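Thanks for sharing this one. Here are my notes, in the order in which I would look through the model with you.

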Amino acid sequence: MHDSAPLLASLTDLDAPDRPDALTVADRACSRADLLGAGGAVAARIAGAKSVAVRADATLETVAAVVGGLLAGVPVVPLPPDSGPAERDHMLRDSGAELVLGAGEELTVDLGERGDYRGAGPSEGTAAFILYTSGTTGAPKGALIGHRAVAAGLDGLADAWRWSAEDTLVHGLPLFHVHGLILGVLGALRTGCRLVHTGRPTPQAYAAAGGSLYFGVPTVWGRVARDHAAARALAGARLLVSGSAALPAPVFRDLEALTGQRPVERYGMTETLITVAARADGERRPGYVGTPITGVRTRIAAEPGAEIGELEISGPTLFDGYLGRPEATAAAFTADGWFRTGDIAAIEADGAHRIVGRASTDLIKSGGYRIGAGEVENALLDHPAVREAAVVGVPHEDLGQEIVAYVVADGIGDHELIDFVAARLSAHKRPRRVRFIDELPRNAMGKPQKKLLPPA
Ligand code: MLC
Ligand code: AMP
């Protein structure tokens, strides 16, 4: 057994049971030994690098590249595979990644390779991941996620959900965010459970996978609930888990009616990992995300007498700050060291947490992706025909929120602008609709007033 990467203790335990299809990603399977061998070979090549980026296609090679980074103690920067140049260049420059791993990149990963990495592993304080995440304005910031935070977060969820090597985890979420990568891949590697990643999170693929534990964002669960045959196929699962955005109550009820079981909600964010979860043996109520996992404390920063306010978090799952951004890091914490989530919540007398909304309307959640209005506005303003832009999230049945851009521009059509943003950033950051207006509503100080925009 290696002692270089305690986070992966279950993967590196050579006595643990193995099978040829311990991991399946988009219809290709490998054993844990294959993954450890390929990851070890990656580790040997990248050892000593300051950080590496991984083009996070939904493939076994992406998983092996991430394992390599964790074994070698080299922070991994997952890149959305469809990142356009503006987004990708920012992530590479800001993180200082020395190498990009992945298909068609500087270093390709070979699943057939066998390396037995026995190097130093992570040194104290090295990040496991640098995860780029949007704020309300400007370019995404790199959240430094420590090895211990990941381990604490996964162990807390394993406890809450009785998640064990007996499970088969199924999901098809992207491998560049907390949900799909940290919970959905490292959770399987740490608990030792089988993983079936379906490539895309379609209802049909979920239905065919035969898992015990399913992860999805509300958009995925809404689509499952509309596909009755797919939903019924999940009746035998142990837990259906929803997170990354609020699960609408009608979707909760439809899932219950079709599968015979109530979905489990959990709440978290990139900077804190998953901190609050309904328990496998606890109550599951629509609109509630459960109670803090082991080691996590929560509190509401509310005016005296008010029951709702900003949710603040402390505990072992918190990130170590934004890379190179001491002011933004300081602003994210209270004077007594609690993380300010920016989410408005209430805590019931029995400890159940309810997320009511976000403090800022400039952080949009669409399909479970967090998107900063400012980043999309800046991308629009990079187009020579655009003079002004204001981006908002509008309620949307399938996506939760839909990105709508209000634009002051001459001689350009909506499709051209949508494609322009999709190509510069990631496709999921593109506005789904563009409204052309004559000027942005502004206050006396000249500041744009999004509340005064015409209805989308
Ligand atoms: C469409 N496409 C375009 C395009 N229009 N590409 C370029 N230019 C354009 N103009 C392409 C897309 O790239 C994509 O290609 C395909 O069309 C469909 O894309 P889409 O329309 O965006 O898919 P959609 O159906 O809207 O996706 C829904 C979804 C997705 C649920 C599958 O939103 C999703 O995967 N969400 C998960 C987000 C997530 O994991 N969040 C977790 C954050 S962590 P192609 O080739 O890709 O099909 C977190 C913490 C926590 O929040 O609590 O978990
Ligand atoms: P991200 O940074 O992509 O990790 O997004 C984190 C944000 O997703 C949180 O700040 C919340 O606004 C939202 N979120 C995550 N899980 C839930 C949930 N179960 N219910 C409501 N909002 C959620």
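**Notes on the two ligands and their protein**

1. Let me begin with ligand 1: a nitrogen atom of this ligand is 2.7 Å from an N or O atom in the side chain of Asp419. Two further side chains offer polar atoms to oxygen atoms of ligand 1: Arg266 at 2.6 Å and Lys365 at 2.8 Å. A polar contact here is a pair of N or O atoms within 3.5 Å; within protein, one must be able to donate a hydrogen and the other to accept it, and residues adjacent in sequence count only if both atoms are side-chain atoms. The protein covers 71% of the 1,100 Å² of accessible area that ligand 1 has on its own (areas by the Shrake-Rupley method with a 1.4 Å probe; for residues, only the protein chains shown count as cover).

2. A word on the basis for all this. The model is predicted, with local features needing pLDDT of at least 70 and side-chain atom pairs counted only at pLDDT 80 or more, while totals for chains, interfaces and linings use all residues. Residues are numbered from 1 along each chain as its sequence is written, chains are lettered from A and ligands numbered from 1 in the order in which they are written, and side-chain values use heavy atoms, with hydrogens and water left out.

3. Who surrounds ligand 1? There are 24 residues around ligand 1, and Ser244, Arg266, Lys365, Gly367 and Asp419 come nearest (a residue is near if one of its heavy atoms lies within 4 Å). Helix 6 (178–191), helix 8 (218–226), strand 12 and helix 13 (414–424) each give two or more residues to this shell, and helix 8 gives the most, with 3. Helices (H or I, at least four residues) and strands (E, at least two) are DSSP runs, numbered from the N terminus. By class, the shell of ligand 1 holds 10 nonpolar, 7 polar and 7 charged residues (Ala, Val, Leu, Ile, Met, Phe, Trp, Tyr, Cys and Pro count as nonpolar, Asp, Glu, Lys and Arg as charged, and the others, Gly among them, as polar).

4. On to ligand 2, which has 16 residues around it; Arg266, Asp343, Arg358, Lys365 and Arg370 come nearest. An N or O atom in the side chain of Arg370 is 2.4 Å from an oxygen atom of ligand 2. Thr270 uses a backbone N or O atom, 2.9 Å from an oxygen atom of ligand 2, whereas the side chain of Glu265 has an N or O atom 3.4 Å from a nitrogen atom of the ligand. Taken alone, ligand 2 exposes 500 Å², and the protein buries 92% of that.

5. Which elements build the shell of ligand 2? Strand 12 (264–269) and strand 18 (353–358) each give two or more residues, and strand 12 gives the most, with 5. The classes in this shell are 6 nonpolar, 4 polar and 6 charged.

6. Stepping back, the protein has 13 helices and 23 strands. Its C-alpha atoms fill a box of roughly 70 × 50 × 50 Å along the principal axes. Of its 456 residues, 57% count as buried (under 20% relative accessible area; exposed is over 50%, partly exposed in between, with a 1.4 Å probe and protein chains only).

7. Last, a look at Gly102, in the loop between strand 5 (100–101) and strand 6 (127–133). Gly102 counts as buried because its relative accessibility is 12%.
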